[in-house]
Amino acid sequence: MDLHSRVEVWLHLAENCVLTTAQQGLEQVWWLLLLCLLCRLCFRQCVPSDIKHMVSVAAGSYALFLFFEVHMLWVLLLSALCYLVLFLNRHSSRRGLFLSGVILIYLLMGELHLIDPVTWHKMRGSQMVVAMKAISLAFDVDRGAVSALPSPAEFLGYVLFVGTVVFGPWISFHNYKEAIESKKLSWTWMQKSFLCLMKSQVCLVVSNCIAPYLFPYFIPVDGNEMTDKWLHAYENAVSFHFSNYFVGHLSESTTMLAGAGFTEEKDNVKWDMTVVKPANVEMPRSMVLVVTSWNIPMSRWLNTYVFKNAMKLGTFPAILVTYTASALLHGLSFHLGAVLLSLGFITYVEHVLRKKLAAIFSACILSRHCNSDCNHQHKKEYWVMMLNVLFSVLAIFHLTYLGSMFDDVDNQAVEEGYVANHTIQKWSELNWSSHWVVFICWVFYRLIQ
């Protein structure tokens with residue numbers, strides 16, 4: 001395709017996709033942004049805390065109604081059920097485990113019996129955020145990090161906090177209490193919230209209008225039948241990635257706009273909520289960093305409340321338990337479960353292999369960047385950098401393979417969640433390459449162990 005034809009395509013996309021997508025994106029979220037701002041202004045008033053909690057409940061409930069209409073009742077039901085379970089077990093020391101089991105049963109029943117798949121799939125994100133907040137609070141009360149079970153108004157204000165109830169992310173009960181106490185309004189706060197909103201809109205445009213047409217309209221690359229499959233898989237993966245960045249940056253904006261998402265050092269308040277780090281995913285050092293950068297608050301939640309509790313089983317079983325928990329929170333979706341469990345194997349094999357190679361060569365080739373004072377002899381030699389680049393290319397290969405199934409050819413399948421046949425077909429077209437590479441890496445690791 002010549003340059004003139006590509007320019008015509010760009011102009012067509014700009015006119016018929018970019019502007020429309022950006023406009024629709026803002027139209028869908030402006031009410032939520034307004035609710036977040038109103039909550040922030042209310043929290044600044046000198047009123048009793050209970051009133052602030054009730055405002056949080058009302059704003060969060062109305063936000064749910066705007067997006068899910070009457071089906072918001074399922075999210076409210078889950079919230080009430082969580083508090084009922086915590087209250088009935090207020091004298092127990094295992095509230096976290098018991099509540100986790102109850103939430104799992106509720107989510108499985110909802111998925112299988114209570115409501116149609118399309119509607120349940122749309123509410124899955126909000127259900128997951130409420131579940132994560134309730135579980136984290138239960139474990140914090142068990143550990144003494146939270147002194148006592150909050151009142152119903154405090155609890156519902158937390159789980160239905162308007163800044164996080166629709167798009168996330170998870171925040172701790174302590175972060176919510178800080179938002180209720182409210183820091184003074186500042187230009188930095190408004191600027192950072194607006195910047196994250198603009199980032200989200202850019203990511204939405206890239207996901208809908210650029211990534212699906214990456215080859216050959218933006219990058220003039222042509223190939224044979226096999227390379228075309230991989231190029232198309234990369235387009236699907238990038239489109240899916242940027243849809244996640246859209247949600248992540250939008251959640252940063254809503255969280256900070258509602259008054260949460262800051263750190264404080266003495267009298268210096270930094271509005272530094274970070275949910276996603278796109279550079280760590282698109283140009284990854286390792287799959288381990290991809291996983292932690294995909295959704296930073298959720299990664300922190302899984303590490304704190306699942307992985308560390310499961311470490312008594314051993315490292316590899318703890319990793320499998322963590323990814324299984326993540327898959328269950330995302331619902332009974334075969335494709336997400338397959339991706340998450342595959343990620344568990346990929347990250348484990350990558351971690352142990354690079355750790356072993358780093359020990360053998362005394363080189364900075366671990367999954368994470370070494371500290372400046374590490375004991376490795378070889379830090380910035382050419383061959384060390386090349387090995388890290390090789391692992392980066394391997395990570396991009398895995399991401400392309402795993403993301404190949406996230407296309408939108410069948411809108412009904414997207415709304416309900418892809419079926420098993422779709423996942424198997426997509427990975428079969430790519431000859432199960434990623435799984436074979438992981439197996440080979442694992443065999444190599446065992447040979448050099």
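Does Arg95 count as buried or exposed, and at what relative accessibility? At 11% relative accessibility, Arg95 counts as buried. Keep in mind that you're looking at a predicted model.

**Salt bridges**

Arg95 has a partner: its side chain meets that of Asp142 in a salt bridge, 2.9 Å from N to O. Arg95 sits in helix 4 (residues 95-114) and Asp142 in helix 5 (residues 117-143), so the pair ties together parts that are 47 residues apart in sequence. Asp142, at 23% relative accessibility, counts as partly exposed.

The structure holds four salt bridges. Here are some of them, including the one you just met:

| Pair | Closest N to O |
|---|---|
| Arg95 and Asp142 | 2.9 Å |
| Lys177 and Glu154 | 2.9 Å |
| Arg354 and Glu350 | 3.9 Å |

Take Lys177 and Glu154, which form a salt bridge. This pair links distant parts of the chain, with Lys177 in helix 7, Glu154 in helix 6, and their positions 23 residues apart. Lys177 is partly exposed at a relative accessible area of 30%, whereas Glu154 is buried at 17%, because buried means under 20%.

Now try Arg354 and Glu350. They are four residues apart in helix 15 (residues 334-361), so about one helical turn separates them. Both Arg354 and Glu350 are buried.

**Nonpolar inside and outside**

In soluble globular proteins, nonpolar side chains tend to be buried together. Here, the largest nonpolar core has 113 residues, and Ile103, Val162 and Trp301 have the most contacts inside it. Leaving aside residues up to four places away in sequence, Ile103 touches Leu78, Cys82, Ala131, Ala134 and Ile135.

There's also a nonpolar patch on the surface, of about 800 Å², with Trp30, Trp31, Leu34 and Phe65 among its residues. Helix 1 (3-43) and helix 2 (49-68) are the elements that give it two or more residues. Helix 1 provides the largest share, five residues. One residue of the patch, Leu34, lies in helix 1 and is partly exposed, with a relative accessible area of 31%.

**Unusual backbone spots**

Most residues other than glycine have a negative phi, and most peptide bonds are trans. Which residues does a cis peptide bond join here? Gly168 and Pro169, with omega at about 0°. Pro169 lies in the loop between helix 6 (152-159) and helix 7 (173-181).

Asn431 isn't a glycine, yet has a positive phi of about 60°. For Trp432, phi is positive too, near 55°. Asn431 is found in the loop between helix 18 (420-429) and helix 19 (433-448), and Trp432 lies in the loop between helix 18 and helix 19. Asn431 is partly exposed at 45% relative accessibility, and Trp432 is partly exposed at 32%.

Conventions. Residues are numbered from 1 along each chain as its sequence is written. This is a predicted model: local features need pLDDT of at least 70, side-chain atom pairs count only at pLDDT 80 or more; totals for chains, interfaces and linings use all residues. Side-chain values use heavy atoms; hydrogens and water are left out. Patches are made of residues with over 30% relative accessible area and no salt bridge: like charges are joined within 9 Å, nonpolar side chains (Val, Leu, Ile, Met, Phe, Trp, Tyr) within 5 Å. Accessible areas come from the Shrake-Rupley method with a 1.4 Å probe; for residues, only the protein chains shown count as cover. Buried means under 20% relative accessible area, exposed over 50%, partly exposed in between (1.4 Å probe, protein chains only). A nonpolar core is a set of buried Ala, Val, Leu, Ile, Met, Phe, Trp, Tyr and Cys residues joined through side-chain atoms within 4.5 Å. Contact means heavy atoms within 4.5 Å.
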